[in-house]
Amino acid sequence: MKLKTLQMNFENNYKDAAKLNYEEYWKLLERLMAEGVLKAGQADYYKERGEALRAQMDNFNHQNNVKTF
């Protein structure tokens, strides 16, 4: 659900919300790993998904994501 919310905010150019969601995603992932809720394969999958988003988040700003006005 965190990934869906993050993707929605990113696609809708909600910069601040998307960045907050990204930070929440990593905190949640760390907590679930620490609690042993995720198996190693699951944790690896979600880490890869988060890392794939990192490049997008690094360059995410209003100027380069707004296509039209």
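## Close-up views of the predicted model

**View 1. Two salt bridges turn up here.** The rule asks for a side-chain nitrogen of Lys or Arg within 4 Å of a carboxyl oxygen of Asp or Glu. This is a predicted model, so local features need pLDDT of at least 70 and side-chain atom pairs count only at pLDDT 80 or more, while totals for chains, interfaces and linings use all residues. Residues are numbered from 1 along each chain as its sequence is written, and side-chain values use heavy atoms, with hydrogens and water left out. One bridge pairs E51 with R54, whose closest N and O atoms are 2.9 Å apart. Both sit in helix α3 (helices being DSSP runs of H or I, at least four residues, numbered from the N terminus), three residues or about one turn apart. E51 is partly exposed at 40% relative accessibility, and R54 is partly exposed too, at 34%. The cut-offs: buried is under 20% relative accessible area, exposed is over 50%, and partly exposed lies in between (1.4 Å probe, protein chains only).

**View 2. R31 and E35 make a salt bridge.** Their side chains meet at 3.7 Å, N to O. R31 comes out as partly exposed, with 44% relative accessibility. E35 is also partly exposed, at 49%.

**View 3. Helix α2 runs from residue 15 to residue 34.** Its 20 residues, at 1.5 Å each, should span 28 Å (the expected span is 1.5 Å times one less than the number of residues), and the end C-alpha atoms are 29 Å apart, which agrees. After α2 comes G36, with a positive phi near 75 degrees.

**View 4. α2 has a buried face and an exposed side.** A18, N21, Y22, Y25, W26 and L29 are the buried ones. Looking down the axis of α2, these buried residues fall within an arc of 135 degrees, so they line one face of the helix. That arc is taken over the directions from the helix axis to the C-beta atoms. Over on the other side, D16, K27, E30 and A34 are exposed. The cover over the buried residues of α2 includes α1 (2-11) and α3 (40-58), where contact means heavy atoms within 4.5 Å.

**View 5. The largest nonpolar core has 12 residues.** The members are L3, L6, F10, A18, Y22, Y25, W26, L29, L38, A43, L53 and M57. Elements giving two or more residues to this core are α1, α2 and α3, and α2 gives the most, with five. A core here is a set of buried Ala, Val, Leu, Ile, Met, Phe, Trp, Tyr and Cys residues joined through side-chain atoms within 4.5 Å.

**View 6. The structure has three aromatic pairs.** In the Y22 and W26 pair, ring centres are 6.2 Å apart and the planes are at 80 degrees, so the pair is edge-to-face. Rings of Phe, Tyr and Trp (its six-membered ring) pair if their centres lie within 6.5 Å; planes under 30 degrees apart count as stacked, over 60 as edge-to-face and the rest as tilted. Y22 and W26 are four residues apart in α2, so about one helical turn separates them. Y22 is buried at 10% relative accessibility, and W26 is buried at 16%.

**View 7. Y25 and W26 are another edge-to-face pair.** Their ring centres lie 5.7 Å apart, with planes at 80 degrees. Y25 is buried, at 5% relative accessible area. Ring pairs link Y22, Y25 and W26 into a cluster.
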